[in-house]
Amino acid sequence: SIYLRHSVIHVLMDLLVRLHQDGKDEEWLKQLQQFNNDNVASMTFVDRYGLENKTKFVDDLYRTLQQSPKQDVQHACLMALRLCSREVQGMESLYTEHALQVMLNMAGRDYEPIVEEAWKCIVNFVAKNKDMEGFAFRLHVVDKAVDALKGNSTVLAFPILRVLFHLSIKPEYVVDMIPTALPMVTNLIVSLMTPAFGTHPPPPHTSLVGDALKLIFNLTIPFGPLGGQKAATIDEIVTFKRLLPIYRRKLCGSDGTSPDPYYALKTLVINSLINTPNKSFKDIFDEDEREILLSFQSILEGQLEAAKGAKSDSEVAGFMTPILTLFTLIAEHVPQVRAPAKHWLFPKGDAQQGVTVEGPAEQTLIAKQLISYMTSFDITLKHFVNEFFYMICDENAEEVCKLTGFGNAASLLVTRGLLSLGKPASSSSSSEGSSGSGIELPPSEIRERLARFNPADYQAKPDETEDERDERLARAFEAMMDAGII
């Protein structure tokens, strides 16, 4: 009668355990497969079945997985364990090195549905429990994952890339992963991002390319400014450079479809390029420099548009930081892009512009939006937009002041110790005999002065009168003088 009290659609975990205990294996397998089908999209189970029921169910599945020689039983058990492992509660007994070894054994079978489910279980185990990360390296999961992908199976690539991504999040693991994982994922991207890739609609493996690009970003962090743990070897630089022609092709490629169906992938390419080794930035522009620069500008415009819908400065930073970081790094290491990038934002230049608090009255909409971020409450966003302007202005802070306004550039001046700016370039009045290059201050003094002045307090208000404007500017200059900025 217990079997009749529960509908097939809402099979209880305790029912499945009892069916198994009663030796009703065929009925148990049928109900288990129905449970899997009904819970494909489920993320929680304890709230419906209770913690005790789930724990017993998971233990029964794990025991059966190891004991049964039948492929259909093993596959059903793995799928149920994979679904249940989306939720940490009730899975504690499987967060062991032994359980991970069992999953790896299943991942080494010849039957691809079992192999796929085993790797998916490993994804959840590694993602949900920190101890499993250590077990994974002790059991050489990275090497086994790379070996499994040598068959170029896109089915297995999805879970395996996720496993490697989760393991690569920790900096202490990345350096050991690079020699095997970087060539593998590079080969995968090269094979997936073929010349035909870019058609409309996007091919079904587009999401797979996205996962591969995310992994590439993690693996190459030590090469670029975000890591600095190790210098890339010649072989690693050669591997990285294999991706550059593909990156260029995808960044510049467009079939005119709006919105661009590949835009999300292009932003992931931008992330990956941030980790370019310093000596390799010029290689990004090996081909049509103008077209590539236009692609970066297009993505910057796209991110600015997306940022308009952000509800906080931290959300804006999420949209803007990657492209601003990359653009800044490129301008730093490839000086010839500075002038065209500056002209794009400031087509009128600064020839007739003196230094004012607010900068020129007439500005492009893009420049105006970027300038507004120079006084953002988000420190990361403020830092990178200031550095971006500093680099495209050829590392000339006085020019930044002319184009963006002294008040907006105050943070840049203080953090770089350029407190004597605002004087003519030819000024020789510096007490130290310098020519306006700035006064070096200790970091503690810089932070203290920054804390005493917030340019955002002195921004223009809507519909202010001329008298109100004059009063606001006077207060801004007085505050900067009080803070020791000017």
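Helix axes are here lines fitted to C-alpha atoms over the stretch in contact, and the angle between two axes runs from 0 to 180 degrees between N-to-C directions. The exercises below apply this to a predicted model.

**Exercise 1. Describe the overall make-up of the protein: how many helices and strands are there, and what share of the residues is buried?**

Solution. Begin with the secondary structure, which consists of 24 helices and 0 strands. Turn next to burial, where 49% of the 486 residues in the protein are classed as buried. The surface that the protein exposes comes to about 23,200 Å², of which carbon and sulfur atoms supply 53%. Finally, consider the contacts between residues at least 6 apart in sequence: 70% of these join residues at least 24 apart.

**Exercise 2. Determine how helix 12 and helix 13 are oriented to each other, and which residues make the contact.**

Solution. Take the geometry as the starting point: the axes of helix 12, residues 171-192, and helix 13, residues 206-220, come within 9 Å and cross at roughly 150 degrees. Since angles over 145 degrees count as roughly antiparallel, helix 12 and helix 13 are therefore roughly antiparallel to each other. The handedness is a separate matter, and helix 12 passes helix 13 in a left-handed crossing. On the side of helix 12, the contact is made by V174, M177, I178, A181, L182, V185, T186, L188, I189 and L192, while helix 13 contributes L208, V209, A212, L213, L215, I216, N218, L219 and T220. Sorted by class, the residues of this contact between helix 12 and helix 13 comprise 16 nonpolar, 3 polar and no charged.

**Exercise 3. Carry out the analysis for helix 13 and helix 15: are they roughly parallel or roughly antiparallel?**

Solution. The axes of helix 13 and helix 15, the latter spanning residues 263-274, lie 9 Å apart and pack at an angle of about 15 degrees. Because angles under 35 degrees count as roughly parallel, helix 13 is roughly parallel to helix 15. Helix 13 passes helix 15 in a left-handed crossing. The contact is made by T206, V209, G210, L213, K214, I216, F217 and T220 of helix 13, together with L265, L268, V269, N271 and S272 of helix 15. By class, the contact of helix 13 with helix 15 has 7 nonpolar, 5 polar and 1 charged residues.

**Exercise 4. Place D211 in the structure: is D211 buried or exposed, and which residues beyond its sequence neighbours does D211 contact?**

Solution. D211 is found in helix 13. The cut-off for a buried residue is a relative accessible area under 20%, and D211, with a value of 9%, is therefore buried. Once the neighbours within four places in sequence are left aside, D211 is in contact with F158, L161 and R162.

**Exercise 5. Examine three loop residues, T44, H140 and E395, and state where each one lies.**

Solution. T44 lies in the loop between helix 3 (25-38) and helix 4 (46-49), and at 37% relative accessibility T44 counts as partly exposed. Although T44 and R86 are 42 residues apart in sequence, their C-alpha atoms are 7.2 Å apart in space. H140 belongs to the loop between helix 9 (130-138) and helix 10 (141-148), and the phi of H140, a residue other than glycine, is positive, near 60 degrees. E395 is found in the loop between helix 20 (379-392) and helix 21 (397-404). E395 is not a glycine, yet has a positive phi of about 60 degrees, and with a relative accessible area of 38% E395 is partly exposed.

Key:
Residues are numbered from 1 along each chain as its sequence is written. This is a predicted model: local features need pLDDT of at least 70, side-chain atom pairs count only at pLDDT 80 or more; totals for chains, interfaces and linings use all residues. Side-chain values use heavy atoms; hydrogens and water are left out. Helices (H or I, at least four residues) and strands (E, at least two) are DSSP runs, numbered from the N terminus. Angles under 35 degrees count as roughly parallel, over 145 as roughly antiparallel, 65 to 115 as roughly perpendicular and the rest as oblique. A crossing is left-handed if the near helix is turned anticlockwise from the far one by less than a right angle, and right-handed if clockwise. Contact means heavy atoms within 4.5 Å. Ala, Val, Leu, Ile, Met, Phe, Trp, Tyr, Cys and Pro count as nonpolar, Asp, Glu, Lys and Arg as charged, and the others, Gly among them, as polar. Buried means under 20% relative accessible area, exposed over 50%, partly exposed in between (1.4 Å probe, protein chains only). Accessible areas come from the Shrake-Rupley method with a 1.4 Å probe; for residues, only the protein chains shown count as cover.
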